[in-house]
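Hi,

Here's the structure I promised to pass on. Have a look at it first, and my notes follow below.

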Amino acid sequence: MLLKDTATGNKLEAVVEPVTSKDFKIIKKDNARFDKFDWNRYERQEVYKLRLKNDETILGLTCLTEHTDEATNAIEIELLEVSTENIGEKKKLDNIGGCLIAFACREAFKRGHDGCVFLTPKTSLIAHYSAKYGFHHIALKTTQRPEGLMVLYGNGSRKLIKKYLEQ
């Protein structure tokens, strides 16, 4: 997978790998870069980091939950966060969020979920997830999911894998 340096346009090779206990300490200490969630609450869950291949600096994080029950049969992106310096118009590197979502899509195929991935959106991100990544908004609202769900099925997942992981 490749990230794009927004200043030069150069492509930089990146990797996604499990977060270690050492990484959780770094995230906690450097919480200004990841200030949206308390990632240490998820230390016992399936958390992955994205970093450049030749640099240990964590650029993005995601927490995945596998739902194996027949009714759900999908991977849930429970949390996803891009480091603060890589958000918005002044971001240094692009494609971090797309690579992490595509990673979840690939896991959904590997684990037998036919590429089905879902997440619970914040209101402000519903249009963004639809336009940029092809998620379908399902307005089935519950107390745990007041904005409904965003779902990506097999073909949509394949497109993201091709776009972000097979460049």
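Helices here are DSSP runs of H or I with at least four residues, and strands are runs of E with at least two, both numbered from the N terminus. Residues count from 1 along each chain as its sequence is written, and side-chain values use heavy atoms, with hydrogens and water left out. Bear in mind this is a predicted model: local features need pLDDT of at least 70, side-chain atom pairs count only at pLDDT 80 or more, and totals for chains, interfaces and linings use all residues.

Helix 2 first. Right after helix 2 comes G112, with a positive phi near 85°. In helix 2, 12 of the 15 residues are buried (under 20% relative accessible area, 1.4 Å probe, protein chains only), so the helix is largely enclosed by the rest of the structure. Among those buried are C99, F103, C105 and E107.

Now the cysteines. A disulfide means a pair of cysteine sulfur atoms within 2.5 Å, and by that rule the count is zero. Why no bond for C63? Its sulfur sits 16 Å from the closest cysteine sulfur, in C105, which is too far. C116 also has C105 as its closest cysteine sulfur, at 9.5 Å, again too far for a bond. C63 is buried, with a relative accessible area of 0%, and C116 is buried at 14%.

That's what I have so far; shout if anything is unclear.

Cheers

Methods:
Buried means under 20% relative accessible area, exposed over 50%, partly exposed in between (1.4 Å probe, protein chains only).
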